[in-house]
Amino acid sequence: MADRQQLACDVFTVDLNQITVGEVHEECYETMGRCTCRVVCVGRLRKLWVLIMAKILLIYSTTDGQTEKICYRLQKVIEQQGHQVTLCSITDCSRIGLQSFDKIVIGASIRYGKHSPLVTDFVNRNKKLLDSKPNAFFSVNVVARKPDKNRPEGNPYLQKFLKRISWQPRELAVFAGRIDYPSYGVIDRMMIRLIMWMTKGPTDPKSVTEFTDWQKVEEFGRLIGKM
Ligand SMILES: Cc1cc2nc3c(=O)[nH]c(=O)nc-3n(C[C@H](O)[C@H](O)[C@H](O)COP(=O)(O)O)c2cc1C
């Protein structure tokens, strides 16, 4: 046990007599709407850790659900780090008080070469606020299944998007998405099959192919927790 009876961090003071060593002791304190703290008392080492638990907002723009699925995986990883995650579709987030979050992450998929205009609008409207907090952006597209296009520097959609906005996200990622032919309408299926044929991807109209590298998604989740 730490030799003092009380341990103070910049947010609150913990009475060590109230904590049983070996147990995860959870007490949440809201302070200045900025952060929440959690006290974890670790086993035989008799050490006391005070974790700053951030409130993280994940905003997603999706058409077929893959970007949302990626956000769920990010949420799982980030919450395992002790943080609090809120997921919000770009279509609903105007109702959310962005100011109350410590970090903001935006994820958006590509459709016919572009992210949804809602994403550009959101970024332009909230640039100042985004710049004031740790922030990140990720793009989901199938071009990213190619090794030379699966990093932010090499992905043409992400690079084009960054040139069109004045926000410079602190962290960036690109994830390969999913091709789900059975769920597409006739025209989309035909177009995607043509593009896939030209770029040596799957063309079987009955096939569903998930290209997403989940390990890479999880690494990004850990990075968000730390940023
Ligand atoms: C109609 C349609 C158009 C697409 N256009 C592109 C494209 O131009 N470039 C690309 O890399 N991927 C393209 N994709 C692939 C999507 O980015 C991929 O399916 C992604 O997983 C979709 O994410 P979402 O489910 O979150 O919308 C397209 C998919 C569809 C269905």
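So, let's start with two strands that sit side by side: S6 and S7, residues 84-89, pair in the parallel sense, with 6 bridges between them. If you want one spot to look at, find Ile-56, which stands opposite Val-85 in S7. Please keep in mind that this is a predicted model.

Now, how many of the 7 residues of S6 are buried? The count is 6, so S6 is largely enclosed by the rest of the structure.

Let's move to S9, which is mostly covered, with 7 of its 7 residues buried. Asn-135, Phe-137, Ser-139 and Asn-141 point one way from this strand, while Ala-136, Phe-138 and Val-140 point the other way. That fits a general pattern: in a regular strand, side chains alternate between the two faces of the sheet.

S9 also has parallel partners. With S8 it shares 6 bridges, and Ala-108 stands opposite Ser-139 of S9. With S10 it is again parallel, again over 6 bridges, and here Val-140 has Phe-175 in S10 as its bridge partner.

Next, please look at helix H6, residues 214-226. It has 13 residues and reaches 19 Å from its first C-alpha to its last, close to the 18 Å expected at 1.5 Å a residue. Which residues of H6 are buried? They are Val-217, Phe-220, Gly-221 and Ile-224. Looking down the axis of H6, you'll see the buried residues fall within an arc of 105°, so they line one face of the helix. Gln-215 and Lys-226, on the other side of H6, are exposed.

And what do the buried residues of H6 pack against? The strands I've just described are there: S6, S8, S9 and S10, along with helix H1.

That brings us to the ligand, probably the part you'd like to see at the bench. There are 21 residues around it, and the ones that come nearest are Asp-64, Thr-67, Ser-109, Asn-141 and Gly-177. You've met Asn-141 already, as one of the buried residues of S9. Helix H1, strand S9, strand S11 and helix H5 each supply at least two residues of the shell. By type, the shell divides into 8 nonpolar, 9 polar and 4 charged residues.

Let me finish by zooming out to the whole chain. The protein has 6 helices and 12 strands, and of its 227 residues, 29% are buried. Among contacts with a separation of 6 or more, 65% join residues 24 or more positions apart.

Note on methods. Residues numbered from 1 in each chain as written. Predicted model: local features only at pLDDT ≥ 70, side-chain atom pairs only at ≥ 80, totals over all residues. Near = placed C-beta within 6 Å. Helix = DSSP H or I, 4+ residues; strand = E, 2+ residues; numbered from the N terminus. Nonpolar A, V, L, I, M, F, W, Y, C, P; charged D, E, K, R; others polar. Buried ≥ 20, exposed ≤ 12 C-beta atoms within 10 Å, placed from the backbone. Contact = placed C-beta atoms within 7 Å. Expected span 1.5 Å × (residues − 1). Arc of directions from axis to C-beta. Pairing = 2+ DSSP bridges.
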